[in-house]
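Okay, thanks for making time, everyone. I'll put the structure up and walk you through a few spots in it.

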Amino acid sequence: MGRELGRILQWVAEAPADVVVGLPGEGYLAQCGAWPGEEGALALIEAGHQRLRDQRDMERLHEIGRALASEQVLDRLLDLILSQARRLLDAEGGSLYLVVEGQGGAGELLFAHTQNSSTALPFHRVRMPISPESMAGFVASTGGILNIPDVQRLPESAPYRFNDSFDRQTGYRTQSMLAVPLRDHGGEVLGVLQLINRREDEGGGVQVVPFEDTHVRLAQSLAGQAGVAVRNARLREEIERLFEGFVNASVLAIEQRDPVTSGHSGRVADLTVGLAEAITSATDGPFSRVSFSDRQIRELRYASLLHDFGKVGVREEVLVKSKKLAPGRLEVILQRLRQRQEERLLELLREQWAQGHPFRAALWGELQRELQDETDRLVALVLQANEPALLSQGAHAGLSRLDGLRYTHWNGAVEPVFLSDDLSCLAIPKGSLSEEERLEIESHVTHTYRFLQQIPWTRDLEGVPEIAYAHHERLNGRGYPRRIEAAEIPLQSRAMAIADVFDALTAQDRPYKAAVPLERSLAILQMDAGAGHLDPDLLDLFIQARVFERTVRRV
């Protein structure tokens, strides 16, 4: 008997019965009030140790359950399941297989994760049929448990065989194995937890020993927790894929409504996420203590992708308006000018005839040229004024000549060539939108907010509507639609504002304007920041971290 055991026995023998607590059997000691003998003492000590081990294992299972419940990313969850299972059962290595749908709807096993503390693993995700011929396939197909002391000595009657390809490649020796099914709360087998080579200290060294019945029960308990966690993580992934599809479909709806800005939402999202990642990576400066979690990055990405969704509530003729006059309206005006030219020619000829002048071909040609020149000047003035560029003083002054022009309607009425709305549109100083149309375009932000508020966002995405709502606000309070100032604008919205303006400047696909060169675009952003529109610290980081290179490369 070892010295330590002898000391424990002596303590048990000498201690009063009411002091010997925590051991199953203390009631027996209390009743006897006497030394139970060497064998009885050993039984009591072993029972006490087992009770302590059971208590420790239950506490560790509770800890594992809490850890599994807190992890929602499937890949990280699989790693956590394996590491905790190996720690709980003293296993040197282990693997996780997941049941997945294969071609034709047949179930397959995905070799999803593996760990080993003693050797590097050449891990590749592979699929295999669910067949009782493999150990994992046997557990998955039958729902049973395999506890094998030595996989190198399987009975001939076993339907499964051990695949020793890994051992042959690495020189590793797999010996004891325990494989249990992962089940969800409904009892469905979701996968297989496979542990190998339980280690135990013996005689000063570590030996590989079989898994015991206690380990089987622990593995079953852990596999039950893991199965529920895997099911929840998969459901979350499915919901996220569903929502990702919804977001992509929404972006497609925006771009089909406004093909001119196709790709804009995706580029803004890419730039905004890049700036958020630069903020998180900053080690000094104003953002050194600011960071965004993965969930916050995803929230910001969705807000950026959907920031223009409210454009579906704007009239199409306003949304896609690239010139001051709608295409159909411009054609009507040009046709009226040509008709006016013909009417003026006939009117002048009638005047010549009334004055008794004979018809002369030369006069006809001269009048035609004069009137054609006049019409060409009027058409040139209209086309020049119709452009969204800054209206020149000369063009603005020339518009006064258009007000009194008349033509004869098909019903015989003499009407103006230009309506008051036509002249108002042509007199727009810059851009293509009238004040009413500009307000209608700006209303897309409010439409976006109202639309996004109708969605029952999860807790980690509940900020999407507010982030998108503020992307056109400016630090000096001159943005829209609420004209809020810096303190009320979320940092995420400020980042999106920079991305939105930058992409609007550099976009290559706008038919109504040429793309502004990169250096000029950055200079414009800096002027906007200096004027109090954009966040200067964020813009500095946008430039220093070269976030802009996500969509535009330096030449």
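Let's start with one residue, Ser 304. You'll find Ser 304 in helix α9, which covers residues 294-305. Before I go on, keep in mind that what you see is a predicted model.

Is Ser 304 buried or exposed? Its relative accessible area is 0%, and anything under 20% counts as buried, so Ser 304 is buried. And what does Ser 304 touch, once we skip residues up to four places away in sequence? The list is Ser 265, Val 268, Ala 269, Thr 272 and Met 496.

That brings us to how α9 sits against α8. In general, you describe two packed helices with the angle between their axes and the distance between those axes. For α8 and α9, the angle is about 150° and the axes are 8 Å apart. That angle is over 145, so α8 runs roughly antiparallel to α9. The crossing of α8 past α9 is right-handed. On the α8 side, the contact uses Ser 265, Gly 266, Val 268, Ala 269, Thr 272, Val 273, Ala 276 and Glu 277. From α9 you get Ile 297, Leu 300, Arg 301, Ser 304 and Leu 305, so our serine is part of this contact. Sorted by class, that contact comes out as seven nonpolar, four polar and two charged residues.

Staying on α9 for a moment, have a look at Arg 298, which also lies in that helix. Buried or exposed, for an arginine like this one? Arg 298 has 17% relative accessibility, and the cut-off is under 20%, so it counts as buried. Leaving out neighbours within four places in sequence, Arg 298 is in contact with Arg 236, Glu 240, Asp 460 and Leu 461. Take Leu 461 from that list: Arg 298 and Leu 461 are 163 residues apart in sequence, yet their C-alpha atoms are 7.8 Å apart in space.

Now back to α8, residues 264-281, because α8 has another packing partner: α19, residues 536-544. Their axes come within 10 Å and cross at roughly 95°. That falls in the 65 to 115 range, so α8 and α19 are roughly perpendicular to each other. Which residues make the contact? From α8 it's Leu 271, Leu 275, Ala 278 and Ile 279, and from α19 it's Leu 538, Leu 541 and Phe 542. The class split for α8 with α19 is seven nonpolar, no polar and no charged.

One more helix pair, and then I'll get to the backbone. Helix α17 is residues 491-506 and helix α18 is residues 518-530, and their axes come within 10 Å with a crossing of roughly 140°. That makes α17 and α18 oblique to each other. Their crossing is right-handed. In that contact, α17 supplies Ile 498, Val 501, Phe 502, Leu 505 and Thr 506. On the other side, α18 brings Leu 518, Ser 521, Leu 522, Ile 524, Leu 525 and Asp 528. That adds up to eight nonpolar, two polar and one charged residues.

Okay, backbone. As a rule, most residues other than glycine have a negative phi, and most peptide bonds are trans. Here are some places that go the other way.

First up, Asp 90. Asp 90 isn't a glycine, but its phi is positive, about 55°. Where is Asp 90? In the loop between α4 (74-89) and β1 (91-101). With 36% relative accessibility, Asp 90 counts as partly exposed.

Then there's Asn 197, again not a glycine and again with a positive phi of about 55°. Asn 197 sits in strand β6, residues 189-202. With a relative accessible area of 1%, Asn 197 is buried.

And there's a cis peptide bond, running from Tyr 480 to Pro 481, with omega near 10°. Pro 481 is in the loop between α16 (464-469) and α17.

Last, let's zoom out. How many helices and strands does the protein have? It has 19 helices and nine strands. Of its 555 residues, 45% count as buried. Among contacts with a separation of 6 or more, 63% come from residues 24 or more positions apart. The accessible surface is about 29700 Å², and 52% of that belongs to carbon and sulfur atoms. That's what I had, so over to you.

Methods. Residues numbered from 1 in each chain as written. Predicted model: local features only at pLDDT ≥ 70, side-chain atom pairs only at ≥ 80, totals over all residues. Heavy atoms only, no water. Axes fitted to C-alpha atoms, helices over the stretch in contact; angles between N-to-C directions. Helix = DSSP H or I, 4+ residues; strand = E, 2+ residues; numbered from the N terminus. Parallel < 35°, antiparallel > 145°, perpendicular 65-115°, else oblique. Left-handed = near helix turned anticlockwise from the far one by under 90°. Contact = heavy atoms within 4.5 Å. Nonpolar A, V, L, I, M, F, W, Y, C, P; charged D, E, K, R; others polar. Buried < 20%, exposed > 50% of the residue type's maximum accessible area, 1.4 Å probe, protein only. Areas by Shrake-Rupley, 256 points an atom, 1.4 Å probe, with all protein chains shown as cover.
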